[in-house]
Amino acid sequence: MKKFSSDFILAIILAILIVVMIIVIIVKKDDKNIQVSNNNNIVENLSQNTEKTETKIDNSAEEKRKSMTEGSLICKIDNQTILAQGQDIYTIDEQNKQKNKIATLEIAISKMYFDGQNIYCIPEYNQGTGIYKTDLQGNTKKIYTGITLQIWLTDNDIYYVNQIGYDTINRNPQGTLNKMDKDGNNIVQIANSIKNYFYIQGDKIYYTTQTRQMYQINSDGTNPVLLADGRKFPLGIQGKYLIYIDYANQEMTNLFNTETAEDKSIGIAGNVKQFLGKTYITVTTTSDNLEQTYTIKQLNEETGETEDIYTSKEIGTNIAFINEKQIYYVKQDGTIGIINRETQQEEQNEEIKNAQYFISNKAYKFDSQTAKLEIIDLSTNQKEEI
């Protein structure tokens, strides 16, 4: 009887030890799973933060490129936004919510360019002449006295068209392509008799001559290369793809691979814009009854393939802004329409309806009577007034 009791007690002790060991193993396994899960969360968070940082870098680069090359009435580099209204120039510090009128020019400003330190403005054709340079303190100087309808800023130089005559139908630049330093000195002629807009990428310039030949030339004016004959006009250069319109072939829009010379058509009567690091091309299709349909395509700059993202009879080519969720376009009455990219349906947003400018992922409304600037974040719809 005594032996049985001893054996029974030992069995109970052994069972308890086994249970304890199992619990310890489970706890350690759970701890390990928790640690792995935490590590995965850390990696995921780091990845998300990296994506956000990359997006911010891309947006900053895009803001700078647009401000230096496209010509607008609103420009932005880093935290400094510049706004032109009529003859007036304002600096807008969005971070500190400050606005300041720094200069009033003797011309009504048609296009403005900004390199982060100085502002360059030109008037509408027949409404003034020259290029005006203004620093951030408002000191202004006329650095060029001729007429130009396009300028392009680089880090050290200004490229511009010395306007000769005027294309009254298309209102496009035509003349001699020159460059000068940013004080208006050391003028160098790059190309003769260009017609329509020119585009610069790296050390190459793309343009069409008055004889309607499309060229590539080094930015210092050397080594002109004939790319194509026959009424072909560049619309933009994105990566290795030169996008041009061929007026000799029913206004077809083509992608020309500058590395391989491969050439393919993607639509009719194109218009090229870039938003948030992505390139969009709007082309048209005309039916037998002359009704036009507009298609917005997104370009893959690596493969040269295009994806149709929206088609409509109403939207036209006046695209104001595109992000991942919406397409913002200018209606015939001048107000902003919004298309949801996922549902392909029209959206209503009274805050955006009367926006005048778009840059990065924000819409801007300026009241010339009160000089108040309203800024709407397109992601959150959050509004602030400066």
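Analyst: Two residues are in contact when they have heavy atoms within 4.5 Å of each other. The model is predicted. On that basis, among contacts in the protein chain with a separation of 6 or more, 34% join residues 24 or more positions apart.

User: What makes up the secondary structure of the protein chain, and what share of its residues is buried?

Analyst: The protein chain has two helices and 30 strands. Of its 386 residues, 45% count as buried, a label that requires under 20% relative accessible area. The accessible surface is about 20900 Å², with 47% of it from carbon and sulfur atoms.

User: Why are strand 16 and strand 22 said to stand at the edges of their sheet?

Analyst: The sheet is open and has seven strands in the order 16-17-18-19-20-21-22, paired antiparallel. Strand 16 (232-238) and strand 22 (306-312) each have a single partner strand, so one side of each lacks a neighbour in the sheet. Neighbouring strands in this sheet are turned by 40° against each other on average, direction ignored.

User: How do you know that strand 20 pairs with strand 21?

Analyst: Pairing takes at least two bridges. Strand 20 and strand 21 (residues 292-299) have eight, in the antiparallel sense; one partnership is that of tyrosine 280 with glutamine 298 in strand 21. Strand 19 (residues 263-275) is joined to strand 20 (residues 278-286) by six bridges, also antiparallel. Strands 19 and 20 form a hairpin with two residues between them, and leucine 276 in the turn has a positive phi of about 50°.

User: Why is the pair of tryptophan 152 and tyrosine 199 called edge-to-face?

Analyst: Ring centres must lie within 6.5 Å, and planes over 60 degrees apart count as edge-to-face. Here the centres are 6.4 Å apart and the planes stand at 85°, so both conditions are met. The pair links strand 9 (residues 151-153) with strand 12 (residues 188-201), its residues lying 47 apart. Both tryptophan 152 and tyrosine 199 are buried.

User: What makes the pair of phenylalanine 321 and phenylalanine 358 stacked?

Analyst: The limit for stacked planes is under 30 degrees. The planes of phenylalanine 321 and phenylalanine 358 are at 15° and their centres 6.2 Å apart, so the pair is stacked. Phenylalanine 321 is in strand 23 (residues 319-322) and phenylalanine 358 in strand 27 (residues 357-359), so parts 37 residues apart in sequence are tied together.

User: Why does phenylalanine 321 count as buried?

Analyst: The cut-off is under 20%, and phenylalanine 321 has 2% relative accessibility, so it is buried. Phenylalanine 358, with a relative accessible area of 15%, is buried too. Ring pairs link these two with Phe275, Tyr280 and Tyr328 into a cluster.

Methods
Residues numbered from 1 in each chain as written. Predicted model: local features only at pLDDT ≥ 70, side-chain atom pairs only at ≥ 80, totals over all residues. Heavy atoms only, no water. Helix = DSSP H or I, 4+ residues; strand = E, 2+ residues; numbered from the N terminus. Buried < 20%, exposed > 50% of the residue type's maximum accessible area, 1.4 Å probe, protein only. Areas by Shrake-Rupley, 256 points an atom, 1.4 Å probe, with all protein chains shown as cover. Axes fitted to C-alpha atoms, helices over the stretch in contact; angles between N-to-C directions. Phe/Tyr/Trp six-rings, centres within 6.5 Å; stacked < 30°, edge-to-face > 60°.
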